[in-house]
Amino acid sequence: MGFGTPSQSLKVVFDTGSPDTWVYSPDCCYHNNHNDFQPSESSTYTNRTVNASGKAQAAGSGQPGTTWQISYGGGSTTQGYIGIDTIAFPDPNLSLPKLPIALATAITGTSRAGRAMEGLVGMSNGAASQAAGSWVTPLEALARGKLLDKPYLTANFVKANRRTGLGGGGSYILGGLDTINQSGNVTWLDVTSSVYWGADYDDMLIGTPSIAPSS
């Protein structure tokens, strides 16, 4: 994904279970084998703060970005501050201006030193964010800007090494269904949450084995 102007390319994880998008900042970590986002090199970057009514806005000159933190189910926590800048999908080239981006300054818990990721793009509903002020995800920006045929997110899973990300080949399709890998009919289900991709189901298979919990 690209961040800022001119675009700085970083390797990111797409996370369907969280809304916030963040990248490593120059004040963070893993500098010997990872790239980070340089806000000083982006002509469109500003820190983000909130006004007295709690609405997000661009910070004034010299004003720091609002502090930010997120915790994940695996036990890790990422913290830093919030900025505003352009986020770009490289294929096709779609630039989304003035989106919130958290700049990570510290990570606790599980180390990501051996993983290729240099940031994370949240793909759940922005309403799930705990950050001060509202949050708009890149997927929401694409849909609201009518840059997608449909407000769909299709995931195709191919097993990879979880630590390195190598050996996979899975994909996401934004704005449509995966007609190449899909077989059979599509079944539409009501969601169980207004902020997460959740639905009730009776069973779930990977190949033939059932992976549904006994409860």
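Trainee: How many positive and negative side chains does the chain have, and how far apart do the centres of the two sets lie?

Mentor: Lys and Arg count as positive, Asp and Glu as negative, with His and the chain ends left uncounted. Each charge is placed at NZ of Lys, CZ of Arg, CG of Asp or CD of Glu. Here you get 12 positive and 15 negative side chains, with the two centres 3 Å apart. Mind that this is a predicted model: local features need pLDDT of at least 70, side-chain atom pairs pLDDT 80 or more, while totals for chains, interfaces and linings use all residues. Residues are numbered from 1 along each chain as its sequence is written, and side-chain values use heavy atoms, without hydrogens and water.

Trainee: What about disulfides: which residues are joined?

Mentor: A disulfide is a pair of cysteine sulfur atoms within 2.5 Å. The structure holds one, joining Cys28 to Cys29 with S to S at 2.3 Å.

Trainee: Are Cys28 and Cys29 buried or exposed?

Mentor: Buried means under 20% relative accessible area, exposed over 50%, partly exposed in between (1.4 Å probe, protein chains only). Both Cys28 and Cys29 are buried. Across the chain, buried residues make up 38% of the 215.

Trainee: Which elements does the chain have?

Mentor: Helices (H or I, at least four residues) and strands (E, at least two) are DSSP runs, numbered from the N terminus. This chain has one helix and twelve strands, in the order β-β-β-β-β-β-β-β-β-β-α-β-β from the N terminus.

Trainee: And what share of contacts comes from residues 24 or more positions apart?

Mentor: Contact means heavy atoms within 4.5 Å. Among contacts with a separation of 6 or more, that share is 61%.
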